Structures are given as structure tokens and as C-alpha cells.
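Here's a quick tour for anyone opening this one for the first time. Keep the viewer handy and follow along.

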Amino acid sequence: MMDDDPERLLALLQQDPATARQLVQAQLAERAASDPMMAMVLQMATSARASDTDEADQDHDERSQAGELRGELARAQDLLDDLAAALGACAACWGADEGCRACRGHGVPGWRIPDEAMFDAIVAPALRRRSRNHHAQGRNA
Ligand SMILES: [Zn+2]
């Protein structure tokens with residue numbers, strides 16, 4: 001089961017940044033594995049970050065890594081929140097936790113009415129691309 005407690009993660013970040021990073025990546029990968037849309041958004045986020053790693057190479061002590069990771073985590077969390085709103089999913093658990101106080105495990109995408117502005121910003125462009133891709137495949141087949 002996923003551990004979505006940001007406080008606990010932040011505590012771990014301070015004690016053991018390397019383990020925390022692995023934990024965060026594992027969680028994101030787990031979500032991405034069951035959700036192609038999430039995989040796409042994560043890939044976008046990752047490649048956007050890859051472009052500014054050069055300057056980040058210099059002068060890396062544990063503290064700056066932890067701070068960087070905390071920022072990364074916050075950005076990933078914001079992204080997930082936006083995506084959950086766009087898809088009408090429970091931002092706390094995405095329907096994966098029967099004990100979730102917000103949705104009792106029903107919070108999969110479509111659980112609530114998707115936020116129109118978020119949907120237009122995040123999901124609609126992906127749907128357009130997806131449908132273009134399907135048409136292209138249809139022609140080639
Ligand atoms: Zn939930």
C-alpha cells in the first residue's frame with residue numbers, strides 16, 4: 001500500500017535523503033505503472049528537470065540535496081494534486097486506500113466531476129495527441 005503521508009516523508013528526507021528519494025521514486029513509479037496518464041506527466045516533469053542538471057552539479061552537500069529533494073517532492077505533489085483534480089480522482093489516495101477519509105477507496109479517476117480548467121490544461125492536450133496517434137496507426141495498418 002502506498003504511503004502518502006508527506007510529513008513522514010519530509011522527516012525521512014532530513015534523516016536519510018537517499019532512501020527518501022528512492023521511496024518517492026518508487027511511489028511515483030507505482031502510480032505511473034497503473035496510470036498511463038500519470039506516466040506521461042511524470043515523464044514530462046522528469047525531462048523538464050533533466051535540462052537544468054548542469055548547474056546543479058556543483059557544490060552538493062547533504063543539506064542542499066535534501067532541500068532540492070523537498071522541492072522536487074513538493075512539485076510532484078502539486079502535479080499529482082492538479083492531475084487528481086483534472087481527472088476527478090481523490091488527491092489523497094487515487095482510490096487505492098479503503099481507509100481513506102476523503103473517498104473510502106472510491107477515489108479513482110471519475111470519482112468526482114473533473115475540474116474543467118485543470119482538465120483542459122493537463123488532459124485535453126494529451127487526448128488530442130492520443131487521438132492523432134490512433135489515426136496515424138489506423139492509416140498505417
Ligand atoms: Zn482517497
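Let's start with contacts: among those in the chain between residues at least 6 apart in sequence, 48% join residues at least 24 apart. Keep in mind that this is a predicted model. Buried residues account for 13% of the chain's 141 residues.

**Overall layout**
- The chain has six helices and zero strands.
- Reading from the N terminus, the elements go α-α-α-α-α-α.

**Helix α5**
- How far apart are the end C-alpha atoms of α5? They sit 37 Å apart, and that agrees with the 38 Å its 26 residues should span at 1.5 Å a residue.
- The buried residues in α5 are L80, L83, A84, A86 and L87.
- Here's a handy rule when you look at that list: an α-helix has 3.6 residues a turn, so residues three or four places apart point the same way.
- Right after α5 comes G88, with a positive phi of about 70 degrees.

**The nonpolar core**
- The largest nonpolar core holds 15 residues, and the ones touching the most other members are L83, A84, L87, A89, C90 and W94.
- Both α3 (36-50) and α5 supply at least two residues of this core.
- Which helix gives the most to this core? That's α5, with five residues.
- L87, one of those buried α5 residues, also has contacts further along the chain: setting aside neighbours within four places in sequence, L87 is in contact with P109, P114 and V123.

**Two residues with an unusual phi**
- As background, most residues other than glycine have a negative phi.
- W94 goes the other way, with a positive phi near 55 degrees.
- You'll find W94 in the loop between α5 (62-87) and α6 (116-140).
- Is W94 buried or exposed? W94 is buried, because 25 other C-beta atoms lie within 10 Å, and 20 or more is enough to count.
- W94 is also among the core residues that touch the most other members.
- R104 has a positive phi near 55 degrees too, and R104 isn't a glycine either.
- R104 is likewise in the loop between α5 and α6.
- R104 has 13 C-beta neighbours inside 10 Å, so R104 counts as partly exposed.

Technical notes: Residues numbered from 1 in each chain as written. Predicted model: local features only at pLDDT ≥ 70, side-chain atom pairs only at ≥ 80, totals over all residues. Helix = DSSP H or I, 4+ residues; strand = E, 2+ residues; numbered from the N terminus. Buried ≥ 20, exposed ≤ 12 C-beta atoms within 10 Å, placed from the backbone. Contact = placed C-beta atoms within 7 Å. Expected span 1.5 Å × (residues − 1). Core = buried A, V, L, I, M, F, W, Y, C linked by C-beta atoms within 7 Å.
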